[in-house]
Amino acid sequence: MSVKTIPAVESMPLLKLESIGKTYRMGEVDIEILRGVSLEVFAGEFLVIVGPSGSGKTTLMNIMGGLDRASSGRIWFEGQDLSRASPKELTRYRRRAAGFVFQAYNLIPNLTARENVAVAVELSRTSLDIEEVLRLVGLADRMDHFPAQLSGGEQQRVAIARALAKNPQLLFCDEPTGALDFETGKKVLRLLIDLKSGLGKTILLITHNADIANTADRVIKIRSGEVTSVTSLADPKPPEEIAW
Amino acid sequence: MSSLDRKLLRDLKVARYLIAGVVSIIAVGVMCFIYMSATHRNLDSAMRRYYTRSRMADFWVDLKKAPASEVDALAELNGILEVNARVQSYVAVDLDDEPAPINGLVLSLPDERKPIINDMVLKRGTYFTERRQDEVIVSDVFARHHGIGPGDKLHLILNGRRQELIVVGTSISCEFVYLVNPGSITPDPQHFGVFYLKKSFAEHAFDLSGAANQVLGRLTPEARGRPDAVIRRVESVLAPYGVLTTTLLRDHASNRFLSDEIRGLGVFATMMPLIFMGVAALVLNVSMVRLVEQQRTVIGTLKALGYSDHSLLSHFAKFGALTGLVGALIGMVLGYFMAELVTWNYGRFFEFPDLYNRLYPDTYAGGLAIGLTGSVVGSVLGARAVLELSPAQAMRPKSPARGGPVCIERATWLWRRLNFAWRLVMRTALRDRLRTAAGILATTTGAGLLVCSFILDEGLHHLINFQFEKITLSDVHLGFNDERGLAMLFEVARLPGVDRAEPVMNLACTFMHGPRQHRGSITGIESDAMLIVPRDRKGRSIPIPTVGLVMSRKMAELLDAEPGDTVTVVPIKGRRDELRVRVASLTESYIGTSVYADIRYLGFVIGETLAINGAQLKVDPRPTARNLLNRELKRLPALRSVSVRTDVIKNLNDTFVVTQEIFVSLLQFFAGIVFFCSLLTTSLVGLSQREREVANLLAMGFGKWQVGSLFLRESVLINSIGTATGLPLGYFISTLVAAQYDTELFRFPVVTSPGIFLKCIIMSLVFAATAHAVVQRNVNHLDWLGIIRASD
């Protein structure tokens with residue numbers, strides 16, 4: 001399906017997707033999750049991909065983040081063809097260019113907050129300071145606590161710190177507020193937006209919550225595996241003004 | 001320390017019960033390898049050192065009397081490195097404080113110390129001095145048993161004369177590492193010793209001045225591989241001097257016992273650890289599959305962060321390596337102490353100057369390698385499947401591979417009768433075939449080893465019982481110096497305390513059948529003998545035929561002979577005519593290679609009228625009667641040896657049985673560990689796989705014991721199948737073990753009884769209950785609410 005694309009920033013796209021399709025085998029059944037998805041991601045923007053459950057948004061993010069491969073189509077990062085990249089090249093891409101924040105936080109339960117961030121720092125040569133990053137997310141006094149000792153919001157902050165500590169160009173956030181209460185969710189959104197404006201990170205956020213989409217620079221709507229619209233918001237709302 | 005390594009250590013701590021199970025199995029396998037290999041090398045190296053240092057003979061030739069000069073000339077023969085001549089004789093020993101008759105072997109040594117073949121090692125005192133002729137050096141174990149030391153006096157009956165001798169020293173000898181009275185199978189230091197006399201004194205005492213009645217020789221390295229031709233030349237040179245017997249090193253009693261034991265250890269050092277390590281690798285593989293499955297999301301996240309497959313594989317390989325390392329280290333330490341214990345035990349009846357447990361770096365390195373390899377391979381194979389997934393796939397919950405009905409559901413008559421709990425158990429077991437198969441295989445191995453240990457234990461007792469309650473029913477066996485007439489039997493029968501006396505004629509000979517030949521002896525007994533009763537496998541007595549031989553199954557196997565075959569018998573002493581004799585029937589025995597014949601038929605075959613050289617006695621058990629008998633036996637000049645059944649049984653228990661019981665006890669311990677840990681790890685893996693299911697059941701309102709009973713059912717299912725298949729496996733392993741112990745000297749009977757299988761079943765139930773107690777504890781402490789919240 002063709003879409004109207006209005007770039008928020010006039011520049012070469014950081015990420016470019018062309019006719020991406022994805023089919024999964026679940027047990028004995030084949031399921032087509034994505035069909036002919038084409039879009040671009042520009043540096044420094046806060047992009048929200050919104051759609052109902054099962055629309056394919058997580059799958060789309062996984063392909064953009066190099067967590068999964070497309071069944072068809074092409075994807076480039078800074079001109080490098082990721083769809084033909086070897087597993088090693090994809091690993092390198094994830095290590096250097098991408099950071100991930102998941103709905104379920106995905107912290108390692110046997111490591112403290114500091115150690116969870118260290119896991120990422122040990123991978124990167126251009127990483128940020130662990131304590132600095134944890135302070136940035138407001139966890140200066142919770143660094144040596146295990147995930148089981150932290151609230152949901154605090155755990156998500158650790159996840160954000162871990163994603164950030166590698167100093168990636170792209171930050172992929174899959175329903176980062178999905179497991180949080182309303183107030184905490186807004187705080188996490190505020191943090192992400194501050195990171196975008198303060199550190200110039202490109203943030204891609206996935207959500208089923210249309211209200212959250214109002215805080216973005218651009219919103220991509222997806223339904224049944226297809227992009228239905230791409231909209232730039234001239235005046236995104238601050239997280240404190242939205243409600244869900 | 002990197003974050004991943006820190007995570008690894010903490011993961012190990014969380015999975016500690018599971019890991020403890022695997023570590024135990026690895027430790028047992030490594031311990032087995034270390035202690036058996038080390039003990040084997042301790043004995044083997046001690047033997048080689050001793051034989052080399054003491055110049056162990058390659059052959060012995062007993063003869064009537066040969067001039068020393070003729071013996072010296074043998075050294076010129078091709079293949080002969082060195083020869084010595086000496087005087088040897090079996091004697092009676094008269095100790096004042098010892099009521100029972102004691103036998104001894106007198107050997108001559110040079111008057112002045114010099115290197116000789118079968119050189120002895122002084123333990124206490126000194127070599128002969130110039131002070132007196134009547135000095136004696138006594139075998140150290142005999143001296144210790146009787147509290148004899150340098151300066152003490154004793155009496156030997158030399159050539160019919162009672163001779164007082166002064167003890168100047170005690171010694172051990174490489175030719176008596178395993179010191180047994182001829183015809184015996186176990187050392188009896190209480191009743192048999194070796195006595196070294198000065199050559200000049202011995203020659204005079206036995207009327208052999210300037211002569212010898214035994215020749216020892218050493219062969220060149222080239223001749224050692226094929227000694228028979230050289231020996232035939234030696235025999236032909238010595239023939240004019242009345243060659244009685246020739247014994248090669250391979251047939252020498254002490255060397256045979258020692259070599260057989262060393263050989264058996266070598267075989268077990270390979271066989272047993274392989275079994276344990278196989279089980280450990282399997283159990284670890286299944287455990288790792290589950291542990292890695294539990295960390296799917298973590299693996300996906302680490303991959304998302306940018307960790308390569310290689311680094312994650314290394315992470316899980318470290319998991320296996322640490323597990324293997326801990327298990328191997330524990331096994332190495334335990335193996336060292338076991339080797340100490342078992343080597344010390346061997347030292348109780350194998351006399352070496354320097355038998356001790358040594359640290360063999362390559363053996364310990366091998367043990368470490370075995371432990372590490374098995375565990376790393378098991379863990380890497382277990383982790384591989386998840387690591388091959390993309391990060392996104394890894395972070396998604398695993399989709400059920402199979403969702404349809406399982407095969408047993410087709411048996412509707414059975415399926416309808418099962419409640420939901422059993423249906424759940426059956427579906428789980430049949431869908432996760434790898435885990436179920438691994439659990440069954442591991443419990444089968446554990447049960448099999450347990451049954452094997454029980455069968456071997458039963459076999460030990462059966463061996464003693466069969467030999468000494470069914471075959472040998474006499475209390476005392478007498479051996480005479482030479483062949484005697486029946487008058488000797490009547491004289492012995494009249495001794496105080498003797499209730500019954502039966503004649504025995506032992507004919508040492510070489511048996512030949514086709515290309516095969518074997519040294520042995522024929523025991524001639526009366527056809528209606530009651531004190532030696534040959535038996536078949538079922539314990540039924542085998543009648544002694546008037547014509548032909550009753551041959552032990554082992555001897556028949558060595559000769560490849562069957563009932564009805566004719567074998568050639570060549571007596572070792574006296575007329576060495578080749579005699580053709582028919583094998584009438586076979587008999588069973590677990591000790592030695594007995595062959596029986598009617599005593600009159602035997603006399604006819606060898607061309608002599610009824611002659612006896614021994615007697616079997618049934619005696620009054622009362623101590624006073626025994627003492628009277630012993631006093632009279634000490635006075636009998638014709639007596640060469642006395643063997644008391646209770647002493648033989650005691651010595652057998654103290655030597656062979658103790659050694660085997662150590663092995664059997666260890667096997668039971670190992671088997672128990674394997675069995676229990678297999679059940680435990682399978683149950684724990686099952687619980688961890690179905691934590692969410694358990695949480696949901698608890699949330700629905702099922703009680704903790706109800707939920708726990710699901711796992712108990714699964715454990716009972718795997719346990720039952722494993723035990724049922726382990727019972728025949730145990731029997732099979734026992735036959736393999738018995739085959740390793742199948743030598744001319746001993747055979748291990750494989751005896752089963754319903755009690756053995758019942759014991760195994762009871763133990764399997766105890767293990768299952770104990771393993772389940774751990775699982776139930778985990779269910780009781782499960783944070784089911786947290787699990788449900790997390791899945792939301």
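This report walks through a few strands, a helix and a surface patch in chains A and B of a predicted model.

**An open sheet in chain A**

Let us start with the sheet whose strand order is S2-S1-S4-S5 in chain A. Its four strands are paired in the antiparallel sense, and the sheet is open. Strand S2 (29–41) and strand S5 (80–81) of chain A are the edge strands, each with pairing on one side only. Strand S1 (residues 15–26) of chain A is joined to S2(A) by nine antiparallel bridges. If you would like a place to look, take Leu17(A): its bridge partner in S2(A) is Leu39(A).

**A buried strand in chain A**

Next comes strand S7 (residues 170–174) of chain A. Five of its five residues are buried, so the rest of the structure largely encloses this strand. Which residues point to which side of S7(A)? Leu170(A), Phe172(A) and Asp174(A) point one way, while Leu171(A) and Cys173(A) point the other way, and all of them are buried. Asp174(A) is thus listed among the buried residues together with Leu170(A) and Phe172(A).

S7(A) has parallel pairing with strand S6 (residues 98–101) of chain A, over four bridges. Here Gly99(A) has Leu171(A) of S7(A) as its bridge partner. S7(A) also pairs in the parallel sense with strand S8 (residues 202–207) of chain A, this time over five bridges. In that pairing, Cys173(A) stands opposite Leu205(A) of S8(A).

**A positive patch on chain A**

For a view of the surface, turn to Lys88(A), Arg92(A), Arg96(A) and Arg125(A), which form a positive surface patch. One of these residues, Arg125(A), sits in the loop between helix H3 (113–121) and helix H4 (130–136) of chain A. Is Arg125(A) buried or exposed? Arg125(A) has a relative accessible area of 81%, so it counts as exposed, the cut-off for that term being over 50%.

**Chain B: overall view and a strand with two partners**

Chain B has 792 residues, and 58% of them are buried. Its secondary structure comprises 24 helices and 20 strands. Along the principal axes, the C-alpha atoms of chain B fill a box of roughly 105 × 60 × 50 Å.

Within this chain, strand S19 (residues 612–619) has seven of its eight residues buried, so the strand is largely enclosed by the rest of the structure. S19(B) pairs antiparallel with strand S12 (residues 476–484) of chain B through five bridges, and antiparallel with strand S13 (residues 498–513) of chain B through six bridges. Which residue of S19(B) is the bridge partner of His477(B)? That residue is Gln616(B), and Gln616(B) is also the bridge partner of Glu502(B).

The strand pairings with bridge counts are gathered here for quick reference.

| Strands | Sense | Bridges |
|---|---|---|
| S1(A) and S2(A) | antiparallel | nine |
| S6(A) and S7(A) | parallel | four |
| S7(A) and S8(A) | parallel | five |
| S12(B) and S19(B) | antiparallel | five |
| S13(B) and S19(B) | antiparallel | six |

**A mostly covered helix in chain B**

Our last stop is helix H9 (residues 296–305) of chain B, where nine of 10 residues are buried and the helix is mostly covered. The buried residues of H9(B) include Val298(B), Ile299(B), Leu302(B) and Leu305(B). Arg296(B) and Lys303(B) are also among them. Just after H9(B) comes Gly306(B), with a positive phi near 125°.

Definitions and conventions: Residues are numbered from 1 along each chain as its sequence is written. Chains are lettered from A and ligands numbered from 1 in the order in which they are written. This is a predicted model: local features need pLDDT of at least 70, side-chain atom pairs count only at pLDDT 80 or more; totals for chains, interfaces and linings use all residues. Side-chain values use heavy atoms; hydrogens and water are left out. Patches are made of residues with over 30% relative accessible area and no salt bridge: like charges are joined within 9 Å, nonpolar side chains (Val, Leu, Ile, Met, Phe, Trp, Tyr) within 5 Å. Accessible areas come from the Shrake-Rupley method with a 1.4 Å probe; for residues, only the protein chains shown count as cover. A salt bridge is a side-chain nitrogen of Lys or Arg within 4 Å of a carboxyl oxygen of Asp or Glu. Lys and Arg count as positive and Asp and Glu as negative; His and the chain ends are not counted. The place of a charge is taken as NZ of Lys, CZ of Arg, CG of Asp or CD of Glu. Helices (H or I, at least four residues) and strands (E, at least two) are DSSP runs, numbered from the N terminus. Buried means under 20% relative accessible area, exposed over 50%, partly exposed in between (1.4 Å probe, protein chains only). Two strands pair if DSSP finds at least two bridges between them.
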